[in-house]
Amino acid sequence: MPKALITGITGQDGSYLADFLLQKDYEVIGMVRRSSTGNFTRFKHIQDRIQIIQGDLIDPVSLIHVLEEHRPDEIYNLAAQSFVPTSFSQPLLTGEVTALGVTRMLEAIRIVDKTIRFYQASSSEMFGKVREVPQSESTPFYPRSPYGVAKLYGHWITVNYRESYDMFAVSGILFNHESPRRGLEFLPRKVSRGVARIAAGLASELRLGNLEARRDWGYAPDYVEGMWMMLQQDKPHDYVLATGETHSVGEFVRIAFKHVNLDWEKYVVIDPRYYRPAEVDLLVGNPTKARTELGWEPSVTFAELVQLMVEADLALLETTEPSSSTPNINW
Ligand code: NAP
Ligand code: F7E
């Protein structure tokens, strides 16, 4: 039975990857950082089938202990400070976790067992102010946020350890991927939840920032399968995972409101508080390499993605008390 260690298992991708690897008969170990609350809701449905251990990307000794004790065959490094606006307000923390955290894990692998296969969760945010359309593995990078800069460091240090120490280390350059398990602060989930709350009479407006930005949005479960495929190859290579389509934030909003028969213009309020110091205006990926070498294909269209997220938030509202919803944080 192969053994996989997932960092960031409490996050969106970590929980889907755990689902996927259990189906493939892996032994799954999830690394979580210590917190006073312990938010394990995303993997509650499989909590009896995975082993949860403590470790923090900020603490290199914790990583060495984890690897020495558990000796995984594969590591999926999904942990990060992953929210772009927070990277502007907490740039140093973002650098510590999202950039240097990658080196800490790679060093731990080099010290404990160089044969462990390593996946790094890199991001289309590295393309930032894009130099080429669409973006592929060979497109030059131009990050536009401390998050993008930190991910770029993580990408290159992964390439560097592969080339310097002959390690099986790959960087998956993933474009935006979403699901009902997405964090509430990210645009697609903020919209799906906001629309559901308005449709249920629990809210009367949805405050958003830049409606013109364009993204290449896919469905998260498809993307975690791609991560696994990258680690099953004979040789380590980097891959872009994307749908190849781009849509604006405004399009996402319009489809979401239309799904519940509401006119978005009556509810959406543009709030400059949600503008970013530097924006990424246009992302669209070229997934040809992943399609031809891995056989990877996205399975959900853009419209289907928007609709399934709104449906999931409508269903969630029916099963949860309105008073038990999260506090009103200005994400
Ligand atoms: P997410 O939901 O924000 O999850 C991030 C995870 O990182 C959480 O489990 C979080 O734990 C953990 N974490 C944060 N700081 C940590 C630390 N110091 N030590 C250990 N764990 C820590 O992110 P996601 O959407 O699943 O994305 C997974 C990865 O892919 C991230 O690296 C992200 O940057 C990258 N990525 C995501 C996308 C996307 O569209 N989703 C696209 C490209 C790349 P807590 O629960 O304790 O906070
Ligand atoms: O923003 C615009 C915002 O926060 C998308 C992360 O997973 O994907 C994600 O990064 C767009 C931006 O994701 C609001 O300005 C407008 O142009 O959903 P987002 P992101 O910044 O693209 C990449 C690939 C990652 O790697 C990251 O970890 O939507 N936008 N109004 C808004 N965004 C938010 N959050 N909230 C708004 O009110």
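Student: Which backbone contact does Glu185 make with a nitrogen atom of ligand 2, and how far apart are the two atoms?

Tutor: A polar contact is a pair of N or O atoms within 3.5 Å; within protein, one must be able to donate a hydrogen and the other to accept it, and residues adjacent in sequence count only if both atoms are side-chain atoms. Here, a backbone N or O atom of Glu185 sits 3.0 Å from that nitrogen. Keep in mind that this is a predicted model, where local features need pLDDT of at least 70, side-chain atom pairs count only at pLDDT 80 or more, and totals for chains, interfaces and linings use all residues. Residues are numbered from 1 along each chain as its sequence is written, chains are lettered from A and ligands numbered from 1 in written order, and side-chain values use heavy atoms, without hydrogens and water.

Student: Which other residues reach oxygen atoms of ligand 2?

Tutor: Leu187 does, through a backbone N or O atom at 2.8 Å. Lys190 uses an N or O atom of its side chain, also 2.8 Å from an oxygen of ligand 2. The protein covers 96% of the 700 Å² of accessible area (Shrake-Rupley method, 1.4 Å probe) that ligand 2 has on its own.

Student: How many residues surround ligand 2?

Tutor: A residue is near if one of its heavy atoms lies within 4 Å. Around ligand 2 there are 25, and the closest are Ser82, Ser123, Tyr147, Arg276 and Glu279. Helix H6 (187-199) gives the most to this shell, with 3 residues; helices are DSSP runs of H or I, at least four residues, and strands are runs of E, at least two.

Student: What about ligand 1: which residues come nearest?

Tutor: Of the 23 residues around ligand 1, those are Thr10, Arg33, Asp56, Ser82 and Tyr147. Polar backbone atoms of Asp13 and His177 also lie by oxygen atoms of ligand 1, at 2.8 Å for Asp13 and 2.9 Å for His177. Alone, ligand 1 exposes 910 Å², and the protein buries 87% of that. Strand S5 provides the largest share of the shell around ligand 1, 3 residues.

Student: Is Leu174 buried or exposed?

Tutor: Buried means under 20% relative accessible area, exposed over 50%, and partly exposed in between, counting protein chains only. Leu174 is buried because its relative accessible area is 5%. Leu174 belongs to strand S6 (residues 169-174). With contact meaning heavy atoms within 4.5 Å, and leaving out residues up to four places away in sequence, Leu174 touches several residues, including Tyr119, Met227 and Leu241.

Conventions: Buried means under 20% relative accessible area, exposed over 50%, partly exposed in between (1.4 Å probe, protein chains only).
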